[in-house]
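Thank you all for making time this morning. I would like to walk through one model with you, going from a single sheet outwards to the domains and then across to the other chain.

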Amino acid sequence: MEDFLHSIQLLNYTVAAVALPLFAAFINFCLPVKSKWAGWVSTIAILLSCVLSARVFAGVWNNNPVHAQHVWFTVGQTEVMAGLLLNNLSVLLLLLVSLIALPVHIYSTAYMAHDDRRSRYFTYLSFFCFSMLALVVVDSLVLFYAFWELVGFSSYLLIGFWLTRNKAVQANKKAFIMNRIGDIGLLSAIIILFTQYHTFDIVQLFAQKGLVAQSVIKDGVWIAATGQMPAIWQYVACAGIFLAVAAKSAQFPLHTWLPDAMEGPTSVSALIHAATMVAAGVFLLGRVYPMFTGTELTILAVTGCFTAFMAATIALTQNDLKRILAYSTISQLGFMILAMGVGAYASSLFHLATHAFFKCLLFLVAGIVIHEMQHVKEENNLDIDAQDISLMGGLRKKLPITFIVAVIGSLALVGLPLTSGYLSKDGILIQAFEWSEGKSVLFKLIPVLALLTSWLTAFYVTRLMVKVFFGEFRLLKSYPNAKLHMHDGGLQYKLPIILLAVCCLFPLFSFNPFSYGHAWLFSGLTSLGNHEGESIYHTIIPVLVNIISVVVLYAAYVIYTKPNGFKFQQSGFLYRLSYNQWYLDAIYQRFVVKPVLRLCSATFWVDRNVIDGFLHLLTRISGYIAKLTAWTDEHIVDGFLHLMASIVQSIGNFARRFQNGKIQYYLYSMLVIVLVLFILKILI
Amino acid sequence: MISLTDFMVVSAALFCIGLYMVITKRNAIQILIGIELILNAAILNLVAFGKYDKVNNSGQIFALFAIVLAAATTAVALAIILNVYRRYKTIDPNDINKLRD
């Protein structure tokens, strides 16, 4: 009984936590566009959500999952249920999302304070929080799909928030279309799963001994307790899920929308495109994990690994501050997918959680830097790009607190000890090596590539940090007279970044800073993945990774701090490949966008000329037919009547002539008639 | 010897002349003369065919009646013409068309 009441209470808290941001979004929608209160409405809502989420988290974590559902609607015999599912995975994400959203909201109240449409901004932001929180707690694939679409939609709104900028509009279109591709995949996967299992319920489908776990593939037939179909459909469903994950979590080949999505406000990039929404793909994988076995997992691992490596190489040469962070996000998401692929289920979600904190932190730092650069630009009327790191430098003296938290965030991203990133990233690398053991050489390549990627990460992070915070302020070289009024900003800036910086350190996740296995978060999620076995990798990998990382870090520091020191050649093939982002945008432009546009103009032409032409022809034909009918009516039907009339008239006229009152004429007529009669008589 | 045919021919000629006058003349008096001519053609026929009734001479007698009647009708017609002239100041029958519809 007590258990029952307890779970009812938890469910109520969850509903409140999810609904509060929606309520805030509604209030903000009703407020005037320039309202000062909008930010605080949203912030208070998310604060309450955060507190409630923490309460729910405390109640559910490592306890029995809470699952409640109601009949939503009935189609024929099938009852579709809707409800909430609170297990370790969903409460973790619930807490994570609200916890990340809180500092971002506080930060946004200052960051967007001078925007003309700030109430709209907070409407969208709260709406996003609602969608994301709902996404993680729903228990039905249909609802999941609905909120999946809603997070995509709110992301679309926020990327294009500055709707007068052409680039922002292009970027949100790109993001939306790319995500549509994934949505199609998810939708078809849901349809296939429903056809096979006759339910949308995530618990029934994906539980430990659920329907998916019990189904088998035998002789090319996919057999489940509820029916069977050709095995190909199982692969199609997996491919659909994979597509959805790749689109939402920006994996190769659907990752190109994420760097462009940085056109939105930086606080949005921090929340949506670094910490939460892009993690939805990984979360989806976590939900449907039992579907993936054998080859499918390998495909995930290969894709994740390749994406991580590719994005890291691109991040090496970019000059746009936010773009570097975007590619770094793609790279880290690649790590998470890789972890899923190698069976490191818990590590993947662990990395998701730690990454959310440090990447959000780095984006907020980037926001402050860009904000200050923007001030300098406006104050001095300079024609510069406020996000270009080649113009920055030496900001550690101007923005001391920002610098310190940025260092903490960067170290976590690199994965050095004492930070959260170390715990999660090494977990992934170690399990990747364990996974490849006993497999062929090609499989061994995956963990090696991942290792290489983490060193590349160390390099590009150092390059970013040095270019922004160390050395001299390079802007002064081009504009020596520029006045610099830069500072860390008010409490609304400082508080969130300090809060997030604390969350990037190890004590939040584990009291043992050197072993990921002791992290509470990791052990809470290991139930689904494989358990770690003690092996030599547990000591070799962290040591190897960190020693070389530190070396790389130092090397990069030296390279970039010395103004006249070693310079990289900026014309080689590899440089161009990296700088142009592996030419993927150009390839898509040429092989996808252009043919599609050409197809569009071709169909437009067909529409214009063939279909419209046919219609015009029909119009003309019916016009002619109408004219013909009109002519017939006028000349034949009316003509017949007129003919009758005129016959009658002429008969009348003819007869009238004889009545002219001339007596001699009468006589004459009589004579003629008599003569005619006689002639007739003679002839007949 | 004058044969019946000759009488017929003369009679037909008279009839035709009379008919022509009746139809074409623009003077009521002349039309009346035409009518007399037609009447005379008919009387001539009666007389000519009277040779087939030599006992009673009904042809000759009927002709006499017809002449008397013709004289009477002519008197009436002349009276009408006189009245018409008084009323219309013309005796052209084409101008007197008040009787038409």
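Let me begin with a term I shall lean on: two strands are taken to pair if DSSP finds at least two bridges between them. With that in mind, Lys218(A) has Val221(A) as its bridge partner in β4(A). I should say at once that this is a predicted model, and everything that follows should be heard in that light.

The bridge I just mentioned belongs to the pairing of β3(A) with β4(A), two strands that run antiparallel and are joined by three bridges. They form a hairpin with two residues between them, and in that turn Asp219(A) has a positive phi of about 50°. On the other side, β4(A), which covers residues 221–224, is joined to β5(A) by four bridges, again with the strands running antiparallel. One of the residues involved is Trp222(A), whose bridge partner in β5(A) is Met229(A), and the connection from β4(A) to β5(A) is likewise a hairpin, made through two residues.

Taken together, these strands of chain A make an open sheet of three, in the order β3-β4-β5, with antiparallel pairing. Because β3 (216–218) and β5 (227–230) of chain A each have a single partner strand, they stand at the edges, and one side of each is left without a neighbour in the sheet. From one strand to the next the twist averages 25°. Lying across β3, β4 and β5 of chain A is helix α9, residues 232–248, which runs at about 85° to β5(A).

Let me now step back to the domains. The assignment for chain A gives domain 1 as 1–138, domain 2 as 140–293, domain 3 as 346–579 and domain 4 as 587–683. Between domain 1 of chain A and domain 2 of chain A, the centres, taken over C-alpha atoms, are separated by 20 Å, and the contact draws 28 residues from domain 1 of chain A and 29 residues from domain 2 of chain A.

What supplies the side of domain 1 of chain A that touches domain 2 of chain A? At least two residues each come from β2 (78–86), α3 (88–111) and α4 (118–137) of chain A, and the largest share, ten residues, comes from α4(A). By class, that side of domain 1 of chain A has 23 nonpolar and five polar residues, with no charged residues.

Finally, chain B, which has three helices and zero strands, so that, from the N terminus on, its elements run α-α-α. Its radius of gyration is 17 Å, well over the 13 Å that the globule rule gives for 101 residues, and chain B is therefore more spread out than a compact globule. Along its principal axes, the C-alpha trace of chain B spans about 50 × 25 × 25 Å. Of the 101 residues of chain B, 13% count as buried, while 43% of its contacts with a separation of 6 or more are between residues 24 or more positions apart.

Note on methods. Residues numbered from 1 in each chain as written. Chains lettered and ligands numbered in written order. Predicted model: local features only at pLDDT ≥ 70, side-chain atom pairs only at ≥ 80, totals over all residues. Rg over C-alpha atoms; globule rule 2.2 N^0.38 Å. Buried ≥ 20, exposed ≤ 12 C-beta atoms within 10 Å, placed from the backbone. Contact = placed C-beta atoms within 7 Å. Domains from an automatic or database assignment. Nonpolar A, V, L, I, M, F, W, Y, C, P; charged D, E, K, R; others polar. Axes fitted to C-alpha atoms, helices over the stretch in contact; angles between N-to-C directions.
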